[in-house]
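This report goes through the structure shown below, beginning with a group of aromatic side chains. Chain contacts, one chain as a whole and two backbone angles follow.

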Amino acid sequence: MQNLGIEVLFEGSNMERLLGGLLVTIEISFISIVLGTILGLFMGLLRTIELKFLRFILRLYLELFRIIPILVWLYVVYFGFTPLFDIHISGEVTSILVFSLWGAAEIGDIVRGALESMPKHQMESAKALGLSSGQIYRYILIPQAVRRMLPGSINLATRMVKTTSLVVLIGVIEVVKIGQQIIELGVIKAPSASFWVYGFIFILYFLVCYPLSIISRRFERRWQN
Amino acid sequence: MNFDWEFIVESLPLYGDAMWLTVKLAFWGTLFSLVLGLLFSVVLHYKLPVISGVIVAYVELSRNTPLLVQLFFLYYGLPKIGIHMSEVACAIVGLTFLGGSYMTEAFRSGIEAVSKSQVESGLSIGLSKVQLARYVILPQAYAISIPSLGANAIFLLKETSIVGAIALMDLMNVAKDLIGMHYKTAESLTLLVVSYLILILPLSIVLSWVERKVRYAEFGD
Amino acid sequence: MGDSRELLLEIKNLQKSYGDRKVLEGIDLRVRKGEVIVILGPSGCGKSTFLRCLNGLESVQGGEIQYLGRNLAEDQVDWREIRQHIGMVFQNYDLFPHMTVIDNILLGPLKVQKRDKTEALQQAEQLLDRVGLLDRKDAYPRQLSGGQKQRIAIVRALCMNPDIILFDEVTASLDPEMVREVLDVIQELANQGMTMIIVTHEMGFAKSVGDFIVFMDQGKICEIRAAAQFFTRPETERAQHFLDIFQYEKL
């Protein structure tokens, strides 16, 4: 049989290594989303406080993440921390730090939006029914807030998974890096390896992100009204 | 912290060149993305058989994969099956592949936002499908899409930060090289951040102004 | 309706349903040239749907719409062509927000009818003058009041030189003080002999403008009578009941 090159994916432990690399990417995303959500909930609450200075600072914080590419932040932390603070931090820690702070900014914005869009009369009519404030949160406010927040949050998760592909550029050994290693090793035996390996990684990312997109779209459609 | 100002001044031309490269890539990427978006959104709206299916598949593939992987596939993968492109071409093709889907979605939601009664009103004076699209639906749809088109353009401009990964001497690589060669980390990174601020901040301010204007106003102001 | 005037539109046993729900159940109606027919009836009786069927905006499931020797209820109808002769004005004006008043009016005459620009412009300006809005011809819709927009929408329909104009609750979204200015325009058209089918809730207007009142309920026509008679002694109990309710609301 002619050597197509696709065999490179199945040789030795290549497949396991690639999937293991994908797991690193997913881990970084997952930890960052969890940390980012916890921080973001606080940040969202803070952003509803009517204090001009506080509002300005938090808004600035969000805009800095929106205006400056995430890769720049990864570089700033990764290359900048050692000389400035005299501590060396690994690519992994850098990634989790940057992604968590980014997540906090975006989740904070989603939380703020959900809180501010909550109609006042919802609260009042709940009170008029005689619900306790615990019940109001339990049955009225939190369910509505979750509905408003969930699609955006899942969307953010998709974006974060895609963006974690950048961590290879600050030396994290993840799926793309492992792909590169496999290609380099097989450069003589399987010259077309890069086509298959990168094609495969492309599909892997799609398989992770596409379901998230679908879920987010479902929620969006179901809760539109 | 002591900034080496001399170093900064000496590095300015390097950053300038890299910014110019970024602007060029983002410009062409955005332009071609717009063209794709215009075409594809109309095809999707009229649900042309087969092509619509292909476009939906493209949009999903493009939106659910990272640009970095798209670029690596284009730059390292495609030559193995005989398709060779220069770094710049690769970057523009990659940005277009990514941006095309975002622009398609932006235009499509604009088209969908034109109300049914506008369509009926156009029909009631006897406009044909093509005339309806040309005089009633598309002009309104494009006006509605402007804020998301702007947001997409900024998104693409930010995404150009990744092209360094395929050996283009962009801002990221300039900064990285200067750090590596001269250990001027603070200066190099500051210049990097400032460069992106110079590129993106004005656009972002214009966009939020446009958004406010579009939200509160319509034609005839 | 033993009239010698030319029969423009003849509707026979028109059927319309959404799935299992019947909206129109056998509508019969004849419209002669120069007649003004007002359709009254409670909300949801199918009167707007009926009007929309006559403009091809709704498909029909049975019956006939005879117009100039053609049956518009058949599948193969060039509605583009028909709509140039049967104009329609909607409740929400639906002017095109991105075009000036004059561009709104000229879109049909220039792009659909391919008429000469100076001639169409002249007619448009004449019509605008008649409704008292010539000075607003370069304004955008958002710069106009509701009543002004609706008068422009009427001019837009008129400028196509239609045989018939359909009015679908054209004053329903207007503030009360603007209703008059729009009704006056329609009244004037009636006086000039324009053929019109009007769906409205303005009883006084219906009485003064209509030659015939068509009273509809639950997808059927209950009665067709000369306007003056309908308001003094309606034939059916349902129509009487309907009028009583309106009397109440007036008080």
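In this predicted model, B:F27 has a relative accessibility of 47% and therefore counts as partly exposed. Partly exposed covers the range between the buried limit of under 20% and the exposed limit of over 50%. B:W28, with a relative accessible area of 38%, is partly exposed as well. B:F32 also counts as partly exposed, at 38% relative accessibility.

**Aromatic pairs**

Over all chains, the structure holds 23 aromatic pairs. The ring centres of B:F27 and B:W28 are 5.1 Å apart and the planes stand at 80°, so this pair is edge-to-face. B:W28 also pairs with B:F32: the centres are 5.8 Å apart and the planes are at 25°, so the pair is stacked. The cut-offs behind these labels are under 30 degrees for stacked and over 60 for edge-to-face. A pair of aromatic rings is described by the distance of the centres and the angle of the planes. The two pairs are set out here.

| Ring pair | Distance of centres | Angle of planes | Label |
|---|---|---|---|
| B:F27 and B:W28 | 5.1 Å | 80° | edge-to-face |
| B:W28 and B:F32 | 5.8 Å | 25° | stacked |

Both B:W28 and B:F32 belong to helix α1 of chain B, which spans residues 5-45; because they are four residues apart there, about one helical turn separates them.

An aromatic cluster draws on chains A and B: A:F195, A:W196 and A:F202 are members, together with B:F40, B:Y58, B:F73 and B:F97.

**Contacts between chains**

Two pairs of chains touch, and the pair with the most contacts is that of chains A and B. Chains A and C do not touch, and 23 Å separates their nearest C-alpha atoms.

**Chain C as a whole**

Chain C contains nine helices and 10 strands. Its radius of gyration is 18 Å, which agrees with the value near 18 Å that a compact globule of 251 residues would have. Along the principal axes, the C-alpha atoms of chain C fill a box of roughly 50 × 50 × 40 Å. Of the 251 residues in chain C, 56% count as buried. Among the contacts in chain C with a separation of 6 or more, 66% are between residues 24 or more positions apart.

The exposed area of chain C is about 11200 Å², and 43% of this comes from carbon and sulfur atoms. Chain C carries 31 positive and 37 negative charges, and the mean positions of the two sets are 2 Å apart.

**Positive phi angles in chain C**

Most residues other than glycine have a negative phi. C:D94 has a positive phi, near 50°, and is not a glycine. C:D94 sits in the loop between β6 (86-89) and α3 (101-112) of chain C. Is this residue buried or exposed? C:D94 counts as buried, because its relative accessibility is 8%.

C:N161, which is not a glycine either, has a positive phi of about 50°. The loop that holds C:N161 runs between α5 (146-158) and β7 (164-168) of chain C. With a relative accessible area of 43%, C:N161 is partly exposed, whereas C:D94 is buried.

Notes. Residues numbered from 1 in each chain as written. Chains lettered and ligands numbered in written order. Predicted model: local features only at pLDDT ≥ 70, side-chain atom pairs only at ≥ 80, totals over all residues. Heavy atoms only, no water. Helix = DSSP H or I, 4+ residues; strand = E, 2+ residues; numbered from the N terminus. Rg over C-alpha atoms; globule rule 2.2 N^0.38 Å. Buried < 20%, exposed > 50% of the residue type's maximum accessible area, 1.4 Å probe, protein only. Contact = heavy atoms within 4.5 Å. Areas by Shrake-Rupley, 256 points an atom, 1.4 Å probe, with all protein chains shown as cover. Lys, Arg positive; Asp, Glu negative; His and termini not counted. Charge placed at Lys NZ, Arg CZ, Asp CG, Glu CD. Phe/Tyr/Trp six-rings, centres within 6.5 Å; stacked < 30°, edge-to-face > 60°.
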